[in-house]
Amino acid sequence: MKMHLRLLLVSILLLVVCPSASADEYGDSIQTFLSKAFESKDAGLVVGIVDEHGSRIYSAGKLDNGTDKDVDGDTVFEIGSATKTFTALLLEDLVERGEMKLDDPVSKYLPESVTMPTHGGKEITLLNLAAQDSGLPFNPGNFTGANSAERFSSYTVPKMYEFLSGYQLTETPGEKFQYSNLGMGLLGHAMERKTGRDFESLVVERICRPLRMESTCVTLTAALKARLATGHDESGKPCPNWEMPAIAGAGALRSTANDLLKYAAAEVGLADSALTPLMQKTHVLQHHDAQVRDDVPGHSALPWFDEGVYNPPGSELFGHPGGTGGYNSFIGLDLKQRVGVVVLTNQTKVHSSMLGWRILQHAHFDGIDPEKMMALREKIGVGAKLDLDKESHELKIIGAIPNSPADVAGLSTGGLTVRSIDGVNPTGKSLLQCMALIKGPEGAIIRFKLVDQDGNVKTVEIARKKYLIDG
């Protein structure tokens, strides 16, 4: 998601965290937000929250499956890449049973005719696939088809073998996080070959049945199809469901909010399950610089990650989003507060992960555009809003981000011309070059020489500190 730098600087707003709001009050704000966002819409969205007080469902919108039914906790959605958390958990289950080892090379579970790529003298292990540091690409290069649905549905195991045998790694396995549908799909396939069972039956038998998740699977029964919400693409038109026969472990599962709340409850230790100790192993940090989106580094586990979002005091957030052609999903966890959040929707404009992170952060929803909604992030800086005057090309401070150091210093009203930054005249510099003058570590003092609209000159010293931003 790339934004014009000036728009980012000028329009960024602080979202206030509201820890004082009660669970009922906060739930009401979620429901109000959803009702406004999906009023008179063909698509819908379901939010599920589980904590020490139990489970709660908030929803709005339609299934659009030939009926006039509203979405609810039992509505079936494609969950896309949120499937990857099941894939990693399934690996831990096989390891616990002694069927596999984390440090086993993947080649051990493939035909001898397949040549797995290596780099730096290291083979790709099962752990590398689960930790997303195998060095394999996001998607295989030999996909074919007119659209994503065709590319996934037409992809076969022989094609995957062909790609692996001809691919050259550019990174040594284990050294760098690199999100990979191919890698997680290959992990699911390796477990299929080891057990002689398909991915779906393994997930249903070893994860869903113990947790009493009766609506989570790949192949839908007639009863589940009747509860399946129709997916909608970016233009709002209904679109086909995705099938992933060769790499099911990357994103083939369908599920409901009620089912996934049982899963999340076990993940955070709210439910008494034999799977919880295995789930805890998937929470172990693997990388501290995992860049899942844009250039924002974050923490990653197996394969949970935090996308570099703000963790409120006393919290430890992990999550995993998912998306297919007409759906997007999110499963989020606060491991310290023992809270689970599930967000499922059959459209692609309002992003489940951004809404899910915000709920885990207990952020306000008032006045937020659903389609531009972002998670809270912590930033180190001064928080001054800068722009170049269109006529004079002088650098201006036009305001300050609420509660930022610049706001505290009284620069929120704007209307100030910048004569120098730490003694450097910004005249003739681009906005990006001016921003570079304000960089530095937390605590660094930035000195601004400013001229107000009346011609008064003043020097303001501002320390770079942490503050929250939307996005």
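**Cavity, pocket and fold: reasons for the terms**

Mentor: The residues lining the largest cavity divide into four nonpolar, three polar and two charged. The model is a predicted one.

Trainee: Which residues line the largest cavity, and what makes two of them charged?

Mentor: The lining consists of Glu78, Ile79, Gly80, Trp242, Gly251, Ala252, Leu253, Arg254 and Thr324. Asp, Glu, Lys and Arg count as charged, so Glu78 and Arg254 are the two. Gly counts as polar, so Gly80 and Gly251 fall in the polar group.

Trainee: Why is this space called a cavity, and how much space lies in it?

Mentor: The term applies because a 1.4 Å probe fits there but cannot get out. About 40 Å³ of space lies in the largest cavity. The structure holds one cavity of 30 Å³ or more.

Trainee: Why is the other space called a pocket, and which residues are closest to the centre of the second largest pocket?

Mentor: It is called a pocket because its set of points is open, with protein on both sides along at least five of seven lines. The second largest pocket holds about 750 Å³ of space. Its lining has 29 residues, and Ser81, Tyr179, Pro321, Gly322 and Gly323 are the closest to the centre. Two or more lining residues come from each of helix H5 (148-153), strand E5 (287-293), E7, E8 and helix H12 (352-360). The lining of the second largest pocket divides into 12 nonpolar, 14 polar and three charged residues.

Trainee: How do you know that E7 and E8 pair, and how many bridges join them?

Mentor: Seven bridges join E7 to strand E8 (residues 328-334). Pairing needs at least two bridges, so these strands qualify. They run antiparallel. Gly323 stands opposite Asn328 in E8.

Trainee: What makes E2 and E7 edge strands?

Mentor: Strand E2 (54-61) and strand E7 (317-323) each pair on one side only. They belong to an open sheet of five strands in the order E2-E1-E9-E8-E7, with antiparallel pairing. On average, neighbouring strands of this sheet are turned by 10° against each other, direction ignored.

Trainee: Which helices lie across strands of this sheet, and at what angles?

Mentor: Helix H2 (residues 23-37) lies across strand E1 (44-51) and E2, at about 20° to E2. Helix H10 (residues 257-267) lies across E1, E2, E8 and strand E9 (339-345), at about 155° to E9. Angles run from 0 to 180 degrees between N-to-C directions, so a value of about 155° describes directions that are largely opposed.

Trainee: Why is the contact of Asp93 and Arg206 called a salt bridge?

Mentor: The N to O distance between their side chains is 2.9 Å. The cut-off is 4 Å, so the pair counts as a salt bridge. Asp93 is in helix H3 (residues 83-96) and Arg206 in helix H8 (residues 199-208), 113 residues apart. The structure holds 15 salt bridges.

Trainee: How do you know that E14 and E15 pair, and how many bridges join them?

Mentor: Seven bridges join strand E14 (residues 445-451) to strand E15 (residues 457-463), against a minimum of two, so they pair. Ile445 has Ala463 in E15 as its bridge partner. Five residues lie between the strands of this hairpin, where Gly455 takes a positive phi near 85°.

Trainee: What makes Asn403 and Pro303 worth listing?

Mentor: Most residues other than glycine have a negative phi, and most peptide bonds are trans. Asn403 has a positive phi, near 70°, and is in the loop between strand E12 (395-400) and helix H13 (405-408). Leu302 and Pro303 are joined by a cis peptide bond with omega about -10°. Pro303 lies in the loop between strand E6 (296-300) and E7.

Methods:
Residues numbered from 1 in each chain as written. Predicted model: local features only at pLDDT ≥ 70, side-chain atom pairs only at ≥ 80, totals over all residues. Heavy atoms only, no water. Helix = DSSP H or I, 4+ residues; strand = E, 2+ residues; numbered from the N terminus. Contact = heavy atoms within 4.5 Å. 1 Å grid on protein atoms, 1.4 Å probe; cavity = no way out; pocket = protein on both sides within 12 Å on 5 of 7 lines; lining within 4 Å. Points joined across faces, edges and corners; volume = space filled by probe spheres on them.
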